[in-house]
Amino acid sequence: MAGFYDQLNRVINLPVTPKRIVSVVPSQTELLFYLGLDAEIVGITKFCIHPKQKVKAVTKVGGTKQLDIGLIKSLQPELIIANKEENERSQIEALMHICPVWISDIHDLETAFSMIQSVGQLVGKKQEADALNSEIRHRFNTLVFHPLNIKAAYFIWRKPYMVAGRQTYIDSLMQMCALNNVFEAERYPEVSANDLVTANPDVVFLSSEPYPFRQKHIDEFKQLLPKAKVVLVDGEMFSWYGSRLLEVPGYFNKLLNELGLLFT
């Protein structure tokens with residue numbers, strides 16, 4: 001083992017393959033379990049809920065933005081895996097005093113593939129990671145849909161309303177599926193009801209996370225946009241990178257087919 005680069009182009013020095021790993025990113029925790037690192041994972045966040053049976057027995061080190069630094073230190077990790085967007089910078093900098101911290105920065109499908117490959121190399125599971133990437137690419141290559149030219153808005157929060165804007169992983173997946181994001185601001189802007197009416201999307205996606213939109217919220221948006229289709233979507237399919245990507249093409253295929261039928 002030697003020096004690696006994370007997705008912020010920082011050098012990560014690992015003298016040996018790590019045997020004690022803390023992951024503070026739910027989708028990357030799922031990836032580590034998929035790669036077969038059950039015994040090596042010693043700490044995860046309370047939001048790391050997959051795979052359901054395996055995460056139960058692992059020490060919880062707080063939330064993604066409210067980490068228990070002391071508890072993490074007590075676990076004596078040899079590697080911490082974090083994310084630029086999902087974790088707080090000051091906390092990650094504090095963790096750097098404990099052990100090497102590898103930070104991902106995911107913008108689109110290609111940076112997700114790069115993350116999987118790099119994490120596989122870090123933890124001694126290169127072949128497994130390469131095989132995973134190959135299978136994910138194959139499944140995305142079989143994703144068939146007709147360009148729908150649908151204007152879409154993707155809501156992640158309520159009170160205040162917040163949407164996924166440009167320069168986000170969610171937006172990149174929407175673009176890949178020929179769904180046109182009606183909000184051009186970058187990252188996750190707050191929007192008003194008037195902003196939504198002015199944008200006039202054909203479809204409104206209400207995500208299951210981080211805000212738990214439910215059926216009862218559909219009426220709220222239908223009052224604002226009587227002609228729009230309001231759809232509850234699985235937020236994990238739009239925002240979890242890693243091994244969850246195996247399920248995304250099938251989910252998108254079903255969703256896009258439903259939208260195609262709705263807008264014909």
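Two strands pair if DSSP finds at least two bridges between them. Helices (H or I, at least four residues) and strands (E, at least two) are DSSP runs, numbered from the N terminus.

The model is predicted: local features need pLDDT of at least 70, side-chain atom pairs count only at pLDDT 80 or more, and totals for chains, interfaces and linings use all residues. Residues are numbered from 1 along each chain as its sequence is written, and side-chain values use heavy atoms, with hydrogens and water left out.

**Exercise 1. Trace the open sheet of 5 strands and find its edges.**

Step 1. Write down the order: β5-β4-β3-β8-β9. The pairing is parallel.

Step 2. Look for strands that pair on one side only. These are β5 (59–60) and β9 (101–104).

Step 3. Check the β5 edge. β4 (residues 41–44) joins β5 over 2 bridges, in the parallel sense. Here G43 stands opposite T59.

Step 4. Add the helix. α5 (residues 109–122) packs on the sheet and touches β8 (79–83) and β9. Contact means heavy atoms within 4.5 Å. The direction of α5 makes about 165 degrees with that of β9.

**Exercise 2. Describe helix α1 and how it packs on α5.**

Step 1. Score burial. Buried means under 20% relative accessible area, exposed over 50%, partly exposed in between (1.4 Å probe, protein chains only). In α1 (residues 26–34), 8 of the 9 residues are buried. Among them are P26, L31 and F33.

Step 2. Take the geometry. Axes are lines fitted to C-alpha atoms, for helices over the stretch in contact, and angles run from 0 to 180 degrees between N-to-C directions. The α1 and α5 axes lie 11 Å apart, at an angle of about 50 degrees. That makes α1 oblique to α5. Angles under 35 degrees count as roughly parallel, over 145 as roughly antiparallel, 65 to 115 as roughly perpendicular and the rest as oblique.

Step 3. List the contact. Q28, L31 and L32 of α1 meet M115, I116 and V119 of α5.

Step 4. Leave the helix. G36 follows α1 and has a positive phi, near 90 degrees.

**Exercise 3. Find the partners of strand β10 (residues 150–157).**

Step 1. Start with burial. β10 is largely enclosed by the rest of the structure, because 6 of its 8 residues are buried.

Step 2. Take the parallel partners. β12 (residues 179–181) pairs with β10 over 3 bridges; A152 stands opposite N181. β13 (residues 203–207) pairs with β10 over 4 bridges; F155 has L206 as its bridge partner.

Step 3. Take the antiparallel partner. β11 (residues 162–163) pairs with β10 over 2 bridges. W157 is bridged to M162.

Step 4. Inspect the hairpin of β10 and β11. There are 4 residues between the strands, and K159 takes a positive phi near 60 degrees.
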